[in-house]
Amino acid sequence: MPSTSVAVGSSVGLHARPAAIIAEAAGGLGSTVTINGMDASSSLMLMTLGAKCGDTVEVAGEDEAAVAAIVALVEKDLDAD
Amino acid sequence: MSSGRPSGRIVTLTANPSFDRTVGLPGVLERGAVHRVDAMTSQAGGKGVNISRAAVSAGLGTVAVLPALADDPFVHELEHAGIECYPATPAGEIRVNLTLTEPDGTTTKLNGPGAEVTAEHLADLADTLVAHAVDGAWTVLAGSLPPGAPADFYATLVPRLRGLSRIAVDTSDAPLAALVDALPGSAPDLLKPNAEELASVTGVDAAALEADPGAAAKAARTLVERGVGTVLATLGSKGAVLVQADGAWFAPPPPTVVVSTVGAGDSTLFGYLLAEIRGLAAPERLALAVAYGAAAAGLPGTTIPRPDDLHPERVEVQPLDPS
(Lines give C-alpha, C1' and ligand atoms only; values in the text may rest on other atoms or scores of the structure.)
Protein backbone atom coordinates (compact mmCIF):
# COMPACT_ATOMS: atom_id res chain seq x y z
CA MET A 1 0.00 0.00 0.00
CA PRO A 2 1.49 3.38 -0.98
CA SER A 3 2.53 5.36 2.06
CA THR A 4 4.52 8.56 2.50
CA SER A 5 6.11 10.25 5.52
CA VAL A 6 5.54 13.98 5.54
CA ALA A 7 6.10 16.86 7.97
CA VAL A 8 3.00 18.85 8.98
CA GLY A 9 3.21 22.30 7.38
CA SER A 10 0.33 24.14 9.08
CA SER A 11 1.46 26.42 11.90
CA VAL A 12 -1.37 25.25 14.19
CA GLY A 13 -0.69 21.57 13.37
CA LEU A 14 -3.44 19.17 12.24
CA HIS A 15 -6.12 21.10 14.05
CA ALA A 16 -9.16 23.28 13.47
CA ARG A 17 -9.11 24.70 9.92
CA PRO A 18 -6.30 22.53 8.47
CA ALA A 19 -7.99 19.36 9.79
CA ALA A 20 -11.33 20.47 8.30
CA ILE A 21 -9.75 21.24 4.89
CA ILE A 22 -7.91 17.90 4.76
CA ALA A 23 -11.01 15.94 5.90
CA GLU A 24 -13.16 17.58 3.26
CA ALA A 25 -10.62 16.82 0.54
CA ALA A 26 -10.18 13.22 1.74
CA GLY A 27 -13.95 12.70 1.82
CA GLY A 28 -14.16 13.57 -1.88
CA LEU A 29 -11.41 11.24 -3.10
CA GLY A 30 -13.44 8.05 -3.50
CA SER A 31 -10.63 6.03 -1.89
CA THR A 32 -9.74 5.78 1.81
CA VAL A 33 -6.63 7.62 2.93
CA THR A 34 -5.30 7.42 6.49
CA ILE A 35 -2.97 9.69 8.47
CA ASN A 36 -1.15 7.75 11.21
CA GLY A 37 -3.88 5.13 10.92
CA MET A 38 -6.74 7.62 11.32
CA ASP A 39 -9.35 8.02 8.58
CA ALA A 40 -8.34 11.31 6.95
CA SER A 41 -11.97 12.12 6.06
CA SER A 42 -12.86 12.65 9.75
CA SER A 43 -11.62 16.01 11.00
CA LEU A 44 -12.34 14.92 14.58
CA MET A 45 -10.13 11.84 14.24
CA LEU A 46 -7.37 13.92 12.63
CA MET A 47 -7.48 16.31 15.57
CA THR A 48 -7.12 13.44 18.06
CA LEU A 49 -3.64 12.80 16.59
CA GLY A 50 -2.37 15.98 18.23
CA ALA A 51 0.16 16.39 15.40
CA LYS A 52 1.94 19.75 15.63
CA CYS A 53 3.69 21.83 12.97
CA GLY A 54 6.87 19.99 11.93
CA ASP A 55 5.77 16.58 13.29
CA THR A 56 6.19 13.74 10.83
CA VAL A 57 3.04 11.79 9.97
CA GLU A 58 2.43 8.78 7.73
CA VAL A 59 -0.09 9.19 4.92
CA ALA A 60 -1.28 5.86 3.47
CA GLY A 61 -3.96 4.50 1.12
CA GLU A 62 -4.62 2.13 -1.77
CA ASP A 63 -4.66 4.84 -4.41
CA GLU A 64 -1.33 6.58 -5.11
CA ALA A 65 -2.90 9.76 -6.49
CA ALA A 66 -5.22 10.06 -3.49
CA VAL A 67 -2.26 9.68 -1.09
CA ALA A 68 -0.32 12.31 -3.05
CA ALA A 69 -3.25 14.73 -2.88
CA ILE A 70 -3.45 14.44 0.92
CA VAL A 71 0.36 14.61 1.31
CA ALA A 72 0.31 17.91 -0.59
CA LEU A 73 -2.29 19.32 1.82
CA VAL A 74 -0.52 18.04 4.97
CA GLU A 75 2.80 19.65 4.05
CA LYS A 76 1.18 22.97 3.10
CA ASP A 77 0.54 25.72 5.66
CA LEU A 78 -3.25 25.69 5.42
CA ASP A 79 -3.53 28.46 7.97
CA ALA A 80 -1.45 30.85 5.88
CA ASP A 81 -4.16 32.34 3.68
CA MET B 1 5.96 5.23 12.05
CA SER B 2 6.44 8.53 13.80
CA SER B 3 3.51 10.31 15.34
CA GLY B 4 2.86 13.63 16.99
CA ARG B 5 4.54 14.06 20.38
CA PRO B 6 2.15 13.22 23.18
CA SER B 7 1.08 16.55 24.64
CA GLY B 8 -0.99 15.14 27.49
CA ARG B 9 -0.65 12.10 29.68
CA ILE B 10 -3.38 10.38 31.65
CA VAL B 11 -2.67 9.20 35.20
CA THR B 12 -5.03 6.50 36.47
CA LEU B 13 -5.69 5.16 39.97
CA THR B 14 -6.92 1.59 40.35
CA ALA B 15 -7.55 1.21 44.09
CA ASN B 16 -9.00 -2.31 43.89
CA PRO B 17 -7.32 -4.05 40.93
CA SER B 18 -8.30 -7.55 39.81
CA PHE B 19 -7.17 -10.30 37.53
CA ASP B 20 -10.16 -10.91 35.28
CA ARG B 21 -10.19 -14.64 34.45
CA THR B 22 -12.67 -16.02 31.97
CA VAL B 23 -13.35 -19.75 31.75
CA GLY B 24 -15.19 -21.06 28.69
CA LEU B 25 -17.17 -24.22 29.48
CA PRO B 26 -18.05 -26.68 26.67
CA GLY B 27 -21.49 -27.36 28.22
CA VAL B 28 -23.76 -26.48 31.11
CA LEU B 29 -22.15 -25.70 34.47
CA GLU B 30 -23.05 -28.46 36.95
CA ARG B 31 -22.69 -28.06 40.69
CA GLY B 32 -20.39 -30.68 42.22
CA ALA B 33 -19.08 -31.94 38.87
CA VAL B 34 -15.57 -31.88 37.40
CA HIS B 35 -15.45 -29.81 34.20
CA ARG B 36 -12.87 -29.80 31.45
CA VAL B 37 -12.76 -26.28 30.11
CA ASP B 38 -12.39 -25.16 26.49
CA ALA B 39 -10.37 -22.07 27.16
CA MET B 40 -9.13 -19.96 30.04
CA THR B 41 -7.92 -16.37 29.73
CA SER B 42 -6.59 -13.94 32.29
CA GLN B 43 -6.20 -10.18 32.00
CA ALA B 44 -5.12 -7.43 34.37
CA GLY B 45 -8.33 -5.47 34.93
CA GLY B 46 -9.98 -2.53 36.63
CA LYS B 47 -11.52 0.69 35.37
CA GLY B 48 -8.30 2.69 35.72
CA VAL B 49 -6.37 -0.03 33.89
CA ASN B 50 -8.93 0.02 31.05
CA ILE B 51 -8.47 3.77 30.64
CA SER B 52 -4.68 3.45 30.61
CA ARG B 53 -4.98 0.75 27.93
CA ALA B 54 -7.18 3.05 25.83
CA ALA B 55 -4.61 5.83 26.21
CA VAL B 56 -1.82 3.58 24.89
CA SER B 57 -4.01 2.58 21.95
CA ALA B 58 -4.64 6.24 21.06
CA GLY B 59 -0.95 7.14 21.31
CA LEU B 60 -1.16 9.03 24.62
CA GLY B 61 1.32 8.50 27.43
CA THR B 62 -0.19 7.03 30.58
CA VAL B 63 0.75 6.24 34.16
CA ALA B 64 -1.06 3.67 36.35
CA VAL B 65 -0.95 3.87 40.14
CA LEU B 66 -2.20 0.78 41.96
CA PRO B 67 -1.50 -1.33 45.04
CA ALA B 68 0.72 -4.25 43.95
CA LEU B 69 4.20 -5.65 44.46
CA ALA B 70 6.63 -4.20 41.92
CA ASP B 71 7.35 -7.69 40.51
CA ASP B 72 3.71 -8.85 40.46
CA PRO B 73 2.67 -10.39 37.10
CA PHE B 74 -0.11 -7.77 37.09
CA VAL B 75 2.48 -4.97 36.93
CA HIS B 76 4.54 -6.83 34.31
CA GLU B 77 1.46 -7.24 32.12
CA LEU B 78 0.70 -3.51 32.24
CA GLU B 79 4.32 -2.49 31.61
CA HIS B 80 4.44 -4.89 28.68
CA ALA B 81 1.30 -3.13 27.33
CA GLY B 82 3.17 0.20 27.39
CA ILE B 83 1.75 1.54 30.68
CA GLU B 84 4.15 3.17 33.14
CA CYS B 85 3.36 1.69 36.59
CA TYR B 86 3.89 3.07 40.07
CA PRO B 87 2.92 0.33 42.52
CA ALA B 88 2.06 1.24 46.11
CA THR B 89 2.29 -1.15 49.08
CA PRO B 90 -0.41 -3.82 48.64
CA ALA B 91 -2.44 -5.27 51.52
CA GLY B 92 -2.30 -8.75 49.98
CA GLU B 93 -2.55 -10.62 46.73
CA ILE B 94 -4.43 -9.08 43.82
CA ARG B 95 -7.99 -10.43 43.80
CA VAL B 96 -9.40 -12.59 41.04
CA ASN B 97 -12.74 -11.98 39.32
CA LEU B 98 -13.80 -15.25 37.72
CA THR B 99 -16.30 -15.39 34.87
CA LEU B 100 -17.72 -18.76 33.76
CA THR B 101 -19.33 -18.74 30.34
CA GLU B 102 -21.57 -21.48 28.93
CA PRO B 103 -22.21 -22.07 25.19
CA ASP B 104 -25.77 -20.68 25.43
CA GLY B 105 -24.42 -17.33 26.69
CA THR B 106 -25.18 -17.95 30.38
CA THR B 107 -22.53 -16.22 32.48
CA THR B 108 -21.69 -16.85 36.13
CA LYS B 109 -19.43 -14.39 37.95
CA LEU B 110 -17.47 -15.03 41.14
CA ASN B 111 -15.81 -11.78 42.23
CA GLY B 112 -13.04 -11.87 44.82
CA PRO B 113 -13.21 -9.35 47.67
CA GLY B 114 -9.63 -8.11 47.59
CA ALA B 115 -7.44 -7.91 50.67
CA GLU B 116 -8.57 -5.69 53.56
CA VAL B 117 -6.57 -2.44 53.53
CA THR B 118 -5.39 -0.33 56.46
CA ALA B 119 -5.06 3.45 56.75
CA GLU B 120 -1.30 3.03 56.07
CA HIS B 121 -1.94 1.24 52.77
CA LEU B 122 -4.36 3.96 51.67
CA ALA B 123 -1.99 6.74 52.71
CA ASP B 124 0.81 5.16 50.66
CA LEU B 125 -1.52 4.76 47.66
CA ALA B 126 -2.73 8.37 47.91
CA ASP B 127 0.82 9.73 48.34
CA THR B 128 2.02 7.73 45.31
CA LEU B 129 -0.83 9.15 43.23
CA VAL B 130 -0.26 12.73 44.38
CA ALA B 131 3.46 12.40 43.57
CA HIS B 132 2.67 11.40 39.96
CA ALA B 133 -0.51 13.41 39.26
CA VAL B 134 1.64 16.38 38.28
CA ASP B 135 2.85 14.33 35.27
CA GLY B 136 -0.65 14.14 33.85
CA ALA B 137 -3.06 16.43 32.02
CA TRP B 138 -5.75 14.38 33.76
CA THR B 139 -5.87 12.14 36.82
CA VAL B 140 -8.64 9.56 36.76
CA LEU B 141 -10.12 8.08 39.95
CA ALA B 142 -12.19 5.16 38.74
CA GLY B 143 -13.85 2.10 40.16
CA SER B 144 -14.64 0.55 43.51
CA LEU B 145 -12.62 0.84 46.71
CA PRO B 146 -11.02 -2.16 48.44
CA PRO B 147 -12.51 -3.59 51.67
CA GLY B 148 -11.51 -1.48 54.66
CA ALA B 149 -11.32 1.80 52.71
CA PRO B 150 -13.53 4.64 53.98
CA ALA B 151 -16.25 5.68 51.53
CA ASP B 152 -14.82 9.23 51.42
CA PHE B 153 -11.42 8.13 50.03
CA TYR B 154 -12.06 9.80 46.65
CA ALA B 155 -13.80 12.79 48.27
CA THR B 156 -10.67 13.55 50.35
CA LEU B 157 -8.27 12.76 47.49
CA VAL B 158 -9.76 15.29 45.04
CA PRO B 159 -8.73 18.42 47.03
CA ARG B 160 -5.16 17.07 47.30
CA LEU B 161 -4.97 16.64 43.51
CA ARG B 162 -6.46 20.02 42.64
CA GLY B 163 -3.94 22.27 40.91
CA LEU B 164 -1.68 19.30 40.03
CA SER B 165 -3.81 18.09 37.13
CA ARG B 166 -7.43 18.05 36.08
CA ILE B 167 -9.44 15.37 37.88
CA ALA B 168 -12.01 12.90 36.57
CA VAL B 169 -14.06 10.61 38.83
CA ASP B 170 -16.07 7.54 37.79
CA THR B 171 -17.40 5.55 40.71
CA SER B 172 -20.67 4.35 42.26
CA ASP B 173 -22.47 3.53 45.49
CA ALA B 174 -21.00 4.80 48.79
CA PRO B 175 -17.81 6.41 47.33
CA LEU B 176 -19.95 8.41 44.85
CA ALA B 177 -22.45 9.38 47.56
CA ALA B 178 -19.60 10.55 49.83
CA LEU B 179 -18.11 12.62 47.00
CA VAL B 180 -21.43 14.32 46.25
CA ASP B 181 -22.03 14.93 49.99
CA ALA B 182 -18.69 16.78 50.21
CA LEU B 183 -19.36 19.14 47.24
CA PRO B 184 -18.14 21.72 46.39
CA GLY B 185 -14.86 20.93 48.25
CA SER B 186 -14.64 17.51 46.57
CA ALA B 187 -15.69 18.75 43.11
CA PRO B 188 -13.82 17.08 40.24
CA ASP B 189 -13.39 18.68 36.81
CA LEU B 190 -15.31 15.77 35.32
CA LEU B 191 -17.81 13.32 36.82
CA LYS B 192 -18.99 10.39 34.70
CA PRO B 193 -22.04 8.72 36.19
CA ASN B 194 -24.35 6.31 34.38
CA ALA B 195 -28.12 6.79 34.70
CA GLU B 196 -28.34 4.65 37.82
CA GLU B 197 -25.47 6.50 39.53
CA LEU B 198 -26.83 9.91 38.57
CA ALA B 199 -30.24 8.85 39.89
CA SER B 200 -28.73 7.67 43.19
CA VAL B 201 -27.20 11.08 43.97
CA THR B 202 -30.01 13.31 42.65
CA GLY B 203 -33.06 11.44 43.95
CA VAL B 204 -34.54 10.97 40.48
CA ASP B 205 -35.76 7.65 39.05
CA ALA B 206 -33.03 5.94 36.94
CA ALA B 207 -35.44 4.71 34.26
CA ALA B 208 -36.78 8.27 33.83
CA LEU B 209 -33.23 9.59 33.31
CA GLU B 210 -32.37 6.92 30.77
CA ALA B 211 -35.60 7.57 28.86
CA ASP B 212 -35.33 11.38 28.77
CA PRO B 213 -32.03 13.16 28.00
CA GLY B 214 -33.60 16.45 29.11
CA ALA B 215 -34.34 14.99 32.56
CA ALA B 216 -30.80 13.57 32.73
CA ALA B 217 -29.33 16.96 31.84
CA LYS B 218 -31.48 18.64 34.48
CA ALA B 219 -30.29 16.18 37.15
CA ALA B 220 -26.67 16.59 36.01
CA ARG B 221 -27.04 20.37 36.18
CA THR B 222 -27.72 20.17 39.94
CA LEU B 223 -24.20 18.70 40.32
CA VAL B 224 -22.66 21.43 38.12
CA GLU B 225 -24.41 24.01 40.31
CA ARG B 226 -22.69 22.41 43.31
CA GLY B 227 -19.22 22.82 41.77
CA VAL B 228 -18.59 19.88 39.41
CA GLY B 229 -16.94 21.25 36.24
CA THR B 230 -18.53 18.92 33.72
CA VAL B 231 -20.93 16.00 34.05
CA LEU B 232 -20.78 13.33 31.35
CA ALA B 233 -23.78 11.09 32.05
CA THR B 234 -24.02 7.86 30.07
CA LEU B 235 -27.56 6.64 29.35
CA GLY B 236 -26.85 3.08 28.18
CA SER B 237 -28.09 2.42 24.63
CA LYS B 238 -29.63 5.91 24.54
CA GLY B 239 -26.26 7.69 24.36
CA ALA B 240 -24.93 10.37 26.70
CA VAL B 241 -25.47 13.94 27.87
CA LEU B 242 -22.76 16.49 28.60
CA VAL B 243 -23.54 19.32 31.00
CA GLN B 244 -21.33 22.19 32.10
CA ALA B 245 -21.94 25.78 33.22
CA ASP B 246 -22.12 27.16 29.66
CA GLY B 247 -24.32 24.56 28.02
CA ALA B 248 -25.78 21.08 27.72
CA TRP B 249 -25.69 18.61 24.84
CA PHE B 250 -27.13 15.18 24.05
CA ALA B 251 -25.81 12.61 21.58
CA PRO B 252 -27.43 9.27 20.74
CA PRO B 253 -24.99 6.56 19.63
CA PRO B 254 -24.64 5.67 15.94
CA PRO B 255 -26.36 2.37 14.99
CA THR B 256 -24.30 -0.32 16.74
CA VAL B 257 -24.56 -4.10 16.98
CA VAL B 258 -23.99 -4.53 20.72
CA VAL B 259 -21.63 -7.41 21.55
CA SER B 260 -20.48 -6.52 25.08
CA THR B 261 -21.19 -3.40 27.10
CA VAL B 262 -18.46 -4.35 29.63
CA GLY B 263 -15.95 -1.50 29.63
CA ALA B 264 -18.08 0.71 27.36
CA GLY B 265 -18.36 3.35 30.10
CA ASP B 266 -14.57 3.40 30.51
CA SER B 267 -14.15 3.91 26.76
CA THR B 268 -16.72 6.72 26.80
CA LEU B 269 -14.81 8.48 29.57
CA PHE B 270 -11.54 8.04 27.71
CA GLY B 271 -13.00 9.47 24.47
CA TYR B 272 -13.97 12.62 26.36
CA LEU B 273 -10.49 12.95 27.91
CA LEU B 274 -8.73 12.44 24.57
CA ALA B 275 -10.86 15.12 22.90
CA GLU B 276 -10.30 17.50 25.82
CA ILE B 277 -6.54 16.97 25.72
CA ARG B 278 -6.60 17.72 21.98
CA GLY B 279 -8.38 21.03 22.63
CA LEU B 280 -11.73 20.14 21.08
CA ALA B 281 -14.95 22.01 21.93
CA ALA B 282 -17.65 20.52 24.19
CA PRO B 283 -19.92 19.11 21.42
CA GLU B 284 -16.90 17.44 19.76
CA ARG B 285 -15.80 15.98 23.11
CA LEU B 286 -19.26 14.46 23.51
CA ALA B 287 -19.16 13.12 19.93
CA LEU B 288 -15.83 11.38 20.52
CA ALA B 289 -17.00 10.07 23.92
CA VAL B 290 -20.13 8.53 22.39
CA ALA B 291 -18.16 7.19 19.40
CA TYR B 292 -15.74 5.47 21.80
CA GLY B 293 -18.56 4.01 23.92
CA ALA B 294 -20.44 2.71 20.87
CA ALA B 295 -17.27 1.19 19.38
CA ALA B 296 -16.50 -0.55 22.71
CA ALA B 297 -20.05 -1.94 22.90
CA GLY B 298 -19.55 -3.45 19.44
CA LEU B 299 -16.39 -5.33 20.52
CA PRO B 300 -16.17 -8.49 22.68
CA GLY B 301 -15.31 -8.40 26.39
CA THR B 302 -13.47 -5.32 27.59
CA THR B 303 -11.71 -4.88 24.20
CA ILE B 304 -10.57 -1.28 23.81
CA PRO B 305 -11.53 0.34 20.48
CA ARG B 306 -8.69 1.17 18.11
CA PRO B 307 -8.78 4.42 16.12
CA ASP B 308 -10.13 2.66 13.01
CA ASP B 309 -13.11 1.28 15.03
CA LEU B 310 -14.25 4.84 15.70
CA HIS B 311 -16.80 6.85 13.74
CA PRO B 312 -17.39 10.17 15.53
CA GLU B 313 -18.71 11.70 12.28
CA ARG B 314 -21.76 9.39 12.62
CA VAL B 315 -22.61 10.86 16.04
CA GLU B 316 -25.15 13.66 15.94
CA VAL B 317 -24.78 16.08 18.84
CA GLN B 318 -27.88 18.08 19.81
CA PRO B 319 -27.83 21.14 22.06
CA LEU B 320 -30.28 20.89 24.97
CA ASP B 321 -32.37 23.70 26.40
CA PRO B 322 -30.39 24.86 29.45
CA SER B 323 -33.49 25.40 31.65
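Here are some worked exercises on a predicted model with chains A and B.

**Exercise 1. Describe the fold of chain A, from its elements to its overall dimensions.**

Step 1: Begin with the inventory. Chain A holds three helices and four strands, and from the N terminus on they follow the order β-α-β-β-α-β-α.

Step 2: Turn to compactness. With a radius of gyration of 11 Å, close to the 12 Å that the globule rule gives for 81 residues, chain A is as compact as a globular protein of that length.

Step 3: Add the dimensions. Along the principal axes, the C-alpha trace of chain A spans about 30 × 25 × 20 Å.

Step 4: Look at burial and contacts. Of the 81 residues of chain A, 47% count as buried. Among contacts in chain A with a separation of 6 or more, 70% come from residues 24 or more positions apart.

**Exercise 2. Work out the strand order of the sheet in chain A and find its edges.**

Step 1: Follow the pairing across the sheet. Four strands of chain A make an open sheet in the order β1-β4-β2-β3, and the pairing is antiparallel.

Step 2: Pick out the edges. β1 (3–7) and β3 (38–39) of chain A each pair on one side only, which makes them the edge strands.

Step 3: Zoom in on one pair. Strand β2 (residues 33–35) of chain A pairs with β3(A) over two bridges in the antiparallel sense. Within this pair, Thr34(A) has Asp39(A) as its bridge partner.

**Exercise 3. Give the same kind of overview for chain B, with its elements and box.**

Step 1: Take the inventory. Chain B has ten helices and 14 strands.

Step 2: Check compactness. The radius of gyration of chain B is 19 Å, close to the 20 Å given by the globule rule for 323 residues, so chain B is as compact as a globular protein of that length.

Step 3: Add the box. Taken along the principal axes, the C-alpha atoms of chain B fill roughly 60 × 50 × 45 Å.

Step 4: Finish with burial and contacts. Buried residues make up 48% of the 323 residues of chain B, and residues 24 or more positions apart account for 67% of its contacts with a separation of 6 or more.

**Exercise 4. Explain why β9(B) is described as largely enclosed, then trace its neighbours.**

Step 1: Count the buried residues. In strand β9 (residues 166–170) of chain B, five of the five residues are buried, so the strand is largely enclosed by the rest of the structure.

Step 2: Sort the side chains by direction. Arg166(B), Ala168(B) and Asp170(B) point one way from β9(B), Ile167(B) and Val169(B) point the other way, and all are buried.

Step 3: Find the parallel partner β8(B). Strand β8 (residues 138–142) of chain B runs parallel to β9(B), and five bridges join the two. Thr139(B) has Ile167(B) as its bridge partner in β9(B). Between these strands the chain passes through helix α4 (residues 153–161) of chain B, in a right-handed β-α-β crossover.

Step 4: Find the partner β10(B). β9(B) also pairs in the parallel sense with strand β10 (residues 190–191) of chain B, over two bridges. Here Val169(B) stands opposite Leu191(B). The connection runs through helix α5 (residues 173–181) of chain B, and this β-α-β crossover is right-handed.

**Exercise 5. Decide whether helix α1(B) is mostly covered or mostly exposed.**

Step 1: Count again. Nine of the eleven residues of helix α1 (residues 47–57) of chain B are buried, so by the cut-off of 20 or more other C-beta atoms within 10 Å the helix is mostly covered.

Step 2: Name some of them. The buried residues include Lys47(B), Asn50(B), Ser52(B) and Arg53(B).

Step 3: See what comes next. Gly59(B) follows α1(B), and its phi is positive, near 85°.

**Exercise 6. Characterise the contact between the chains and the largest nonpolar core.**

Step 1: Count the contacting residues. On the chain B side, 20 residues are in contact with 18 residues of chain A.

Step 2: Locate them. α9 (264–277) and α10 (282–297) of chain B are the elements giving two or more residues to this side, and α10(B) gives the most, with three.

Step 3: Classify them. This side of chain B has ten nonpolar, five polar and five charged residues.

Step 4: Move to the core. The largest nonpolar core has 120 residues, and those with the most contacts inside it include Leu46(A), Ile70(A) and Ala240(B). α10(B) supplies the largest share of this core, twelve residues.

Step 5: Inspect one member. Leaving out residues up to four places away in sequence, Ala240(B) touches residues including Leu232(B), Ala251(B), Thr268(B), Leu286(B) and Gly293(B).

How values were computed
Residues numbered from 1 in each chain as written. Chains lettered and ligands numbered in written order. Predicted model: local features only at pLDDT ≥ 70, side-chain atom pairs only at ≥ 80, totals over all residues. Contact = placed C-beta atoms within 7 Å. Nonpolar A, V, L, I, M, F, W, Y, C, P; charged D, E, K, R; others polar. Core = buried A, V, L, I, M, F, W, Y, C linked by C-beta atoms within 7 Å. Buried ≥ 20, exposed ≤ 12 C-beta atoms within 10 Å, placed from the backbone. Rg over C-alpha atoms; globule rule 2.2 N^0.38 Å. Pairing = 2+ DSSP bridges. Right-handed = clockwise from strand over helix to strand, strands pointing away.
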